[in-house]
Amino acid sequence: MSTFWDLKHRLAEAINAHDVPGILSCYSLDAVYVGPSGMAEGHDQIAWIYEQFFTGFPDFHAMAWFELGDCENPAVTEWTYTGTHMGPLLLPDGQEIGGTGCRITLRATCSSFVQGDKIQTHREYFDQLELYSQLGFGLIRLQPDARDHSAEKHGPPRTEEIRRLSPRNGNLVVKLRRHGRT
């Protein structure tokens, strides 16, 4: 039986080879992938997430630089992601950013919960603003009428409302403005 770390290393090798079947072989059939822009459940959705990375960044590479050695489950890794933005990048609201040609270097971390020699839950964390800034975008102030005032009227959202308003459902609006860089 392989260790949790053997599985994570196999996943990293498959990611860097852009080998989607190899990536999926590390996940259970009902696995859940949680990332900054939403959640994917099962092999089809998880494959789609990785395919988006590889389409947007054809030279995407993940380099592990720290593994939490005292912990096996979850297996926690800190990464540096690099790549050149050459293809479409899907935003949480469903819009796409075309390839900018910008090179990115992102700090990231992930934790993988393993059950029965497969990843059951994989949580990926990186700063989307750091990514968008490196692509030459910045935030713009929303017009007052574009804000969601429901919390002011009804109090903070409950858990089921947060799920309903999650980026995965396309209700979270991200406004980006392209700076003069190409």
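Rings of Phe, Tyr and Trp (for Trp the six-membered ring) pair if their centres lie within 6.5 Å, and planes under 30 degrees apart count as stacked, over 60 as edge-to-face and the rest as tilted. The exercises below apply this to a predicted model.

**Exercise 1. Classify the ring pairs of Tyr50 with Tyr27 and with Tyr33, and place them in the fold.**

Solution. A pair of aromatic rings is described by the distance of the centres and the angle of the planes. A search of the whole structure finds eight aromatic pairs.

Step 1. In the pair of Tyr27 and Tyr50, the rings are 6.3 Å apart centre to centre, with 55° between the planes, and the pair is therefore tilted. This pair links distant parts of the chain, since Tyr27 is in strand S1 and Tyr50 in helix H3, 23 residues apart. Both Tyr27 and Tyr50 are buried.

Step 2. For Tyr33 and Tyr50 the centres are 5.8 Å apart and the planes make an angle of 70°, so this pair counts as edge-to-face. Because Tyr33 lies in strand S1 and Tyr50 in helix H3, the pair ties together parts that are 17 residues apart in sequence. Tyr33 is buried, as is Tyr50.

Step 3. These residues belong to one aromatic cluster, formed by Tyr27, Tyr33, Tyr50, Phe53, Phe54, Phe60, Trp79 and Tyr81.

**Exercise 2. Check the length of helix H3 against its expected span, and state what covers its buried residues.**

Solution.

Step 1. Helix H3 runs over residues 42–56 and has 15 residues. The expected span is 1.5 Å times one less than the number of residues, so helix H3 should span 21 Å.

Step 2. The end C-alpha atoms of H3 are 22 Å apart, which agrees with that expectation.

Step 3. The buried residues of H3 are Gly42, Ile46, Ala47, Ile49, Tyr50, Phe54 and Gly56. Their cover includes helix H1 (4–16), helix H2 (20–24) and the strands S1, S2 (38–41), S4 (75–84) and S8 (118–126).

**Exercise 3. Decide whether Ser28 is buried or exposed, and list its contacts beyond four places in sequence.**

Solution.

Step 1. Ser28 is in strand S1, which comprises residues 27–35.

Step 2. The relative accessible area of Ser28 is 10%; because buried means under 20%, Ser28 is buried.

Step 3. When residues up to four places away in sequence are not counted, Ser28 touches His43, Lys118, Ile119 and Gln120.

**Exercise 4. Find the salt bridges, and state how exposed the partners are.**

Solution. Side chains of opposite charge can pair when their charged atoms come close.

Step 1. The structure holds two salt bridges. In one of them the side chains of Asp59 and Arg103 meet at 3.0 Å, N to O. Asp59 lies in the loop between H3 and S3 and Arg103 in strand S7 (residues 103–115), so the pair ties together parts that are 44 residues apart in sequence.

Step 2. Asp59 is partly exposed, with a relative accessible area of 34%, and Arg103 counts as partly exposed at 47% relative accessibility.

Step 3. The side chains of Arg107 and Glu130 also meet in a salt bridge, at 3.3 Å, N to O. Since Arg107 lies in strand S7 and Glu130 in helix H4 (residues 128–134), this pair ties together parts that are 23 residues apart in sequence.

Step 4. Arg107 counts as exposed, at 58% relative accessibility, whereas Glu130 is buried, with a relative accessible area of 17%.

**Exercise 5. Describe the surroundings of Pro58.**

Solution.

Step 1. Pro58 is in the loop between H3 and S3, and with a relative accessible area of 46% Pro58 is partly exposed.

Step 2. The C-alpha atoms of Pro58 and His85 are separated by 7.6 Å, although these residues are 27 residues apart along the chain.

Step 3. Not counting residues up to four places away in sequence, Pro58 touches His18, Thr84 and Met86.

**Exercise 6. Summarise the whole protein and its nonpolar surface patch.**

Solution.

Step 1. The protein contains six helices and 10 strands, and buried residues make up 40% of its 182 residues.

Step 2. Among contacts with a separation of 6 or more, 59% are between residues 24 or more positions apart.

Step 3. About 10600 Å² is exposed by the protein, of which carbon and sulfur atoms supply 54%.

Step 4. Met63, Trp65 and Phe66 make a nonpolar surface patch of about 330 Å². Met63 is found in strand S3 (residues 61–67) and is partly exposed, with a relative accessible area of 46%.

How values were computed. Residues are numbered from 1 along each chain as its sequence is written. This is a predicted model: local features need pLDDT of at least 70, side-chain atom pairs count only at pLDDT 80 or more; totals for chains, interfaces and linings use all residues. Side-chain values use heavy atoms; hydrogens and water are left out. Helices (H or I, at least four residues) and strands (E, at least two) are DSSP runs, numbered from the N terminus. Buried means under 20% relative accessible area, exposed over 50%, partly exposed in between (1.4 Å probe, protein chains only). Contact means heavy atoms within 4.5 Å. Accessible areas come from the Shrake-Rupley method with a 1.4 Å probe; for residues, only the protein chains shown count as cover. Patches are made of residues with over 30% relative accessible area and no salt bridge: like charges are joined within 9 Å, nonpolar side chains (Val, Leu, Ile, Met, Phe, Trp, Tyr) within 5 Å. A salt bridge is a side-chain nitrogen of Lys or Arg within 4 Å of a carboxyl oxygen of Asp or Glu.
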